[in-house]
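Got your viewer open? Let's take a short walk through this model, one selection at a time.

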Amino acid sequence: MRQVYSILVNNHAGVLSHVAGLFTRRGYNIESIAAGPTEDATITRIVIVAIGEENELDQIAKQLRKLYDVREVEQISYNQAVTRELVLATIKAPITKRSEIIQLANAFGAQVINMTDDTVTLEASGNDHKVRTLLKAFEGYGISQMARTGMISLPYDGMPDDWEPIA
Amino acid sequence: MELNGSQIMIEELKAAGIEMAFGIPGGAIMPFYDELLKADFPHILTRHEQGAAHMADGYARVSGKVAIIVTTSGPGATNLITGLANAQMDSVPLIAITGQVATNMIGTDAFQEADVYGCSIPVTKFNWLIKDVNEIQNVTREAIRVATTGRPGPVLLDFPKDIQITRAEYTPRESVESPLPAPRQYPELDMDGIEKLLEAIERAERPVIIGGAGIIKSGASEELAKFAKATGIPVINTLLGLGGFPGTDELFLGMPGMHGTAYANFALCECDLLINLGARFDDRVTGKVSSFCPKATIAHVDIDDAEIDKRVHTHIPILGNVRDVLITLNERLRPGDYDEWRQTWTDWKANYPLQYDWDGSIKPQYVIDQIQEITEGNGIYVTGVGQHQMWAAQFIRFNEPKTWVTSGGLGTMGFGLPAAIGAKFARPEKDVWLIDGDGSFAMTLVELATAATYNVPVKVAILNNAYLGMVRQWQELFFEKRYSHSHYPENPDFGMIAEGYGVKGINVTDVNEVRNSLETAAEHDGPVVLNFLVNKEENVWPMVPAGAGNDEMQLAPPSREARS
């Protein structure tokens with residue numbers, strides 16, 4: 001199972017080592033990790049996507065909460081929060097395939113940010129599903145380089161109290 | 001007033017009531033050491049930093065108080081890592097203060113530089129690299145708080161040399177506003193959980209209590225005794241929980257698990273309610289989890305939420321301090337009727353006692369039995385790790401908490417001697433006995449020099465079988481007697497070594513001399529090493545093989561002339 005953790009930590013030197021070290025030490029698998037400032041300069045948000053057995057996923061949250069610099073840990077399900085990832089990908093694009101590739105990029109709302117005689121570099125963002133679908137769509141042309149930010153996430157504001165996520 | 005960084009830290013340590021240091025100076029910590037001297041701060045100079053850490057560990061386990069460990073940068077600090085890991089596994093509060101190269105040199109591979117902050121992350125509860133003299137007051141207080149509250153543990157302050165001498169304005173303050181959010185509060189007593197447990201106790205027919213280190217650390221022994229006596233529920237103590245319940249009490253079932261008593265393991269297999277009070281379901285206790293307490297409703301009281309459901313699924317989880325929970329339980333007890341159960345476990349105790357053969361050689365269990373007899377369970381007992389540790393856990397009958405000092409979670413060979421020295425500093429009025437193996441003892445025996453220098457009258461009984469005995473036992477049982485590198489045929493003369501350190505040393509080869517030599521040691525005014533050349537092939541029984549369930553326990557091979 002995959003689980004998204006949104007972790008608010010004190011903006012301290014070494015805090016990322018503590019969080020990442022916990023995953024290594026206890027044998028949890030990180031699929032992606034993204035960290036950045038929040039509206040409060042003393043607090044950093046780290047978003048981690050982890051893979052594990054169901055009981056392990058709760059254990060991860062409990063262990064994270066024990067870390068001194070961790071203020072808050074949320075286990076996020078997809079329909080409770082907006083999740084986004086930014087991806088940059090250079091696609092092999094010989095002149096004959098170029099317009100086809102750009103058309104496909106448009107369909108995904110991806111931007112062309114660089115072009116050479118035989119490549120097109122695209123910038124795209126979206127939730128996990130969209131990023132996967134997009135990369136699959138371009139796989140056939142050949143992706144020569146790729147960089148992904150890892151997922152970031154914010155809970156939806158204004159959820160009614162009695163709202164229950166669809167499992 | 002204006003003070004330098006070292007002085008500020010020392011002021012804060014003193015204000016918190018810390019009054020003991022163990023350590024070794026070196027280049028990057030010299031300014032701090034200079035101030036320790038000027039402040040007349042009590043300090044024990046050890047021979048190895050690992051020894052300093054284990055001394056502070058033994059001191060903390062026996063006194064409940066925290067000591068500081070002081071080392072220099074680089075190798076001085078990396079030598080601490082085993083000691084910190086040991087304390088982390090057994091939740092022992094320690095404060096390590098390590099010198100670090102000056103801040104402008106950090107990251108340049110300077111002389112005696114090591115990334116001690118990075119190295120110590122996985123082996124401490126928390127750690128700090130102090131980069132600003134103005135942080136010292138807050139950070140020192142936070143360090144003490146973190147080490148000693150909630151589930152205790154070791155912390156480390158990495159202290160660069162330039163910050164040690166930088167001067168800053170210092171105002172002693174009753175409370176310092178933490179730059180960090182207040183510690184997460186433990187929730188109020190979980191009354192729902194407690195009520196569920198009370199109902200389960202009322203309904204149960206075969207309940208059993210397992211008391212862990214949480215009993216000792218929260219000071220819950222009296223409440224536990226009250227609880228057990230009011231209900232008649234028998235008590236098992238884990239390795240680190242020993243001393244939490246009187247070893248001579250009829251309700252006591254001994255230790256569970258791999259080398260536990262037969263009756264403790266039978267009780268775990270047959271109980272219908274397991275009340276876990278502050279134990280963490282270690283793999284040496286549970287054996288194969290799928291066959292652990294198969295018939296029981298499991299209740300688990302723990303101060304650390306992450307321990308609940310970590311290895312064993314819990315039906316009644318109660319997050320909280322064990323003592324607080326027990327006080328509330330005791331106020332509302334509604335015990336059921338466990339007469340039939342009592343008959344069952346009483347019979348087990350009578351029919352499956354701990355025992356050993358008697359063949360004229362010095363049996364290690366016999367030596368421990370004799371130590372038990374002459375101290376009547378009123379000493380402080382310290383061990384290394386291995387067979388001797390298991391025999392001590394089985395054969396000593398503890399009267400009080402905080403009289404048993406052993407390395408449980410990490411299983412650190414070499415823990416014994418320095419921990420015993422630390423324990424004696426904490427409780428000088430108590431007789432401190434170290435029961436050690438020759439393998440364990442040899443790892444840190446250099447601290448005999450510390451015992452001699454400060455005349456710390458610890459009594460050391462080495463159960464010397466010239467083997468890494470537990471390894472030898474496993475090789476005999478599980479590796480078809482291929483004794484791969486577990487034998488020390490050329491063991492040194494430990495009696496003579498002791499004498500060389502200025503410590504009384506006696507080699508004992510005759511079983512008839514055991515009692516005499518122990519009495520001589522007890523009466524001697526100073527440290528003593530008794531080197532008992534014991535039976536080399538003795539094994540620890542009962543045994544649950546690694547990976548097997550507690551229901552697959554093997555009892556001792558048939559005895560010739562049982563003595564227990």
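How do strand β9 of chain B and β10(B) pair, and over how many bridges? Select residues 207-211 of chain B to get β9, then add β10(B): the two run in the parallel sense and share 3 bridges. (Strands here are DSSP runs of E with at least two residues, and helices are runs of H or I with at least four, numbered from the N terminus; two strands pair if DSSP finds at least two bridges between them.) Zoom in on Ile210(B), whose bridge partner in β10(B) is Ile236(B).

Before going on, a word about what you're looking at. This is a predicted model, where local features need pLDDT of at least 70 and side-chain atom pairs count only at pLDDT 80 or more, while totals for chains, interfaces and linings use all residues. Residues are numbered from 1 along each chain as its sequence is written, and chains are lettered from A and ligands numbered from 1 in the order in which they are written.

**The sheet**

Now widen your selection to the open sheet of 5 strands in chain B, with parallel pairing and the order β10-β9-β11-β12-β13. Its edge strands are β10 (235-237) and β13 (316-319) of chain B, each pairing on one side only.

**The domains**

Colour chain B in three pieces: domain 1 (2-169), domain 2 (191-351) and domain 3 (364-546). These bounds come from an automatic or database domain assignment. The C-alpha centres of domain 2 and domain 3 of chain B are 30 Å apart. Where they touch, domain 2 of chain B gives 19 residues and domain 3 of chain B gives 19 residues (contact means C-beta atoms, placed from the backbone, within 7 Å).

**A buried helix**

Next, select residues 49-63 of chain B: this is helix α3, with 15 residues. Because 14 of the 15 residues of α3(B) are buried, this helix is largely enclosed by the rest of the structure. (Buried means that 20 or more other C-beta atoms, placed from the backbone, lie within 10 Å of the residue's own.) Step just past the helix and you land on Gly64(B), which has a positive phi, near 75°.

**Where the chains meet**

Last stop: show chain A and chain B together. What does each chain bring to the contact? Chain A brings 13 residues and chain B brings 13 residues. On the chain A side, the elements giving two or more residues are α1 (15-25) and α2 (54-66). The largest share of that side, 5 residues, comes from α2(A).

Technical notes
Two residues are in contact if their C-beta atoms, placed from the backbone, lie within 7 Å. The expected span of a helix is 1.5 Å times one less than its number of residues. A residue is buried if 20 or more other C-beta atoms lie within 10 Å of its own, exposed if 12 or fewer, and partly exposed in between; C-beta atoms are placed from the backbone.
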